[in-house]
Amino acid sequence: MTLRLFNTLTGQIEPLEPGDGKALRMYACGPTVYDYGHIGNFRTFLQIDILRRFLKLTGTDVRHVMNITDVDDKIIRNAGEAGVPIGEYTERYIGAFFEDLDALRVERPEQIPRATEHIPQMVALAERLAAVGAAYQTEDGSWYFRLKSFPEYGKLSKKDFSGMEDGARVDVDEYEKDSARDFALWKAVKPGETSWETAIGRGRPGWHLECSAMSMEYLGESFDLHCGGEDLMFPHHENEIAQSESVTHKTFARHWMHVRFLLVDGRKMSKSEGNFYTLRDLLLKGYKASAIRLALVSVPYGNQQNFTFDSLVDATKAIERLRTFRERLTAGKFLAGENPVIQEAAKNARVKFIEALSNDLNTAEARAPIFELARTANTAMDEEEFFAGDREAILPVLGDFDAVFDVLEDRDAEPTRRALAWAEKEGRLGDVAPELLAAQSLSDERIEALVAERSAAKKARNFARADQIRNELAEKGVVLEDSKDGVKWKRK
Ligand code: AMP
Ligand code: ZN
């Protein structure tokens, strides 16, 4: 089934298919690595992950490029304040970004170019712009894009710039003015700033030029899809279109996807508002990476989402329910045969799941039939009306669900462990939830020993001691599950 996705450029929901009939060529604006990302940033990367996973599930190959902006105003400012070269400054945040993506199980794009490694391509694009009269140099040696040369400016964000002032300039990377200005393509070197010696002078690229040059380098002058958060629509994406189409005279990206904001009390989560949480903040509070993933993708990308801790609690419970259900399915012993009601329910759940995602990636509607199927099947098992053939019908449906949502395998211990090690290194153990600290104070070996002691106590019919051990472990966030194959334990 073809994915139908809202296209910001046309304002309509349209089929998204590879233009070359082979692989979908998509570019996603990546992080600016001046600090740790917050979960608003990760909402955008997670929703794009849902998109790429759904395309793959439905048989479309993807060629996904995501850049790393490792030079911009903020990076230069922060590295300067820290007194280190920008490369050294950004390395640490690039590492943290990938660690966070791994924790959230975001698949890696096929290519991840860094801005500082593509200066020649940016310079070449600026030269082409100058050659067609769309770029000019100012007295200080900087280069600007001449907005007047591109009458279509505003076609993505649907802003009308017809009355714009010719020659008014802006040299910062981010601005929110409604009246557009000529924007900096290349910024002449300033004392103490990182710069490159190039054919267009000594200086550094503007943010917008970076993305035009890198997307066209890896995907060609015209490609299928360009994505990013809604704040990038103007000016960043509008500027990318202007820079690229002025020289190629081709449609830069056919389809544009913008992920709506994660909000806190109705306001955009952002560094500057100070109303943000990083992934690490939440892991240290004891929330699991899988729950954070599910919570941030459960509201469809086209709607803004208000962040609440309740949503993390709900996601934790939802995951627990599905994991328990899958465990019951795989470990249970069922008689041969099929229950036609369950067979039908499994088939319907899969159809609804695929339909909901095909319809502009409606993740909320896609989740619902899977939980419903679990409910129906659980009831059938309770009533002993569930058969081996029903398990075979349901497992692939759960498999499809997890190919996109990826929360069923319990791999939550590792991200939490890493976050704790990080907190220790950064002197932030004070931010760790007491229960989490207590659980970590018990080594795996110590837990195994207590579990063995409890089993021995039970065998000896010393139930008081067995209960005492169970409670002790529970206080330290370790839960026990008695099963036919012995006792399993996990950290909560
Ligand atoms: P940055 O590292 O600031 O360039 O942002 C990385 C990505 O996160 C961009 O696609 C932004 O549009 C996106 N973004 C920033 N804030 C939010 C938010 N509150 N909710 C969703 N996406 C956001
Ligand atoms: Zn970009």
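Which polar backbone atom is 3.0 Å from an oxygen atom of ligand 1? One that belongs to glycine 229, and the views below start there. This is a predicted model, where local features need pLDDT of at least 70, side-chain atom pairs count only at pLDDT 80 or more, and totals for chains, interfaces and linings use all residues. Residues are numbered from 1 along each chain as its sequence is written, chains are lettered from A and ligands numbered from 1 in the order written, and side-chain values use heavy atoms, leaving out hydrogens and water.

**View 1. Polar contacts of ligand 1.** Polar contacts here are pairs of N or O atoms within 3.5 Å. Besides glycine 229, look for threonine 44: an N or O atom in its side chain is 2.7 Å from a nitrogen atom of the ligand. Glycine 40 brings a backbone N or O atom to 3.0 Å from a ligand nitrogen.

**View 2. The zinc site.** Cys29 (SG), Cys211 (SG) and His236 (NE2) coordinate the zinc ion (ligand 2) at 2.0 to 2.2 Å. Donors are N, O and S atoms within 2.8 Å of the metal (3.2 Å for Na, K and Ca); water is not among the atoms, so sites may look incomplete. Along the sequence, the spacing reads C-x181-C-x24-H. Cysteine 29 and histidine 236 are both buried, meaning under 20% relative accessible area with a 1.4 Å probe, protein chains only.

**View 3. Around isoleucine 394.** Leaving aside residues up to four places away in sequence, isoleucine 394 touches several residues, including Phe325, Leu373 and Phe386; contact means heavy atoms within 4.5 Å.

Key:
Buried < 20%, exposed > 50% of the residue type's maximum accessible area, 1.4 Å probe, protein only. Polar contact = N/O pair within 3.5 Å; in protein donor to acceptor, adjacent residues only side chain to side chain.
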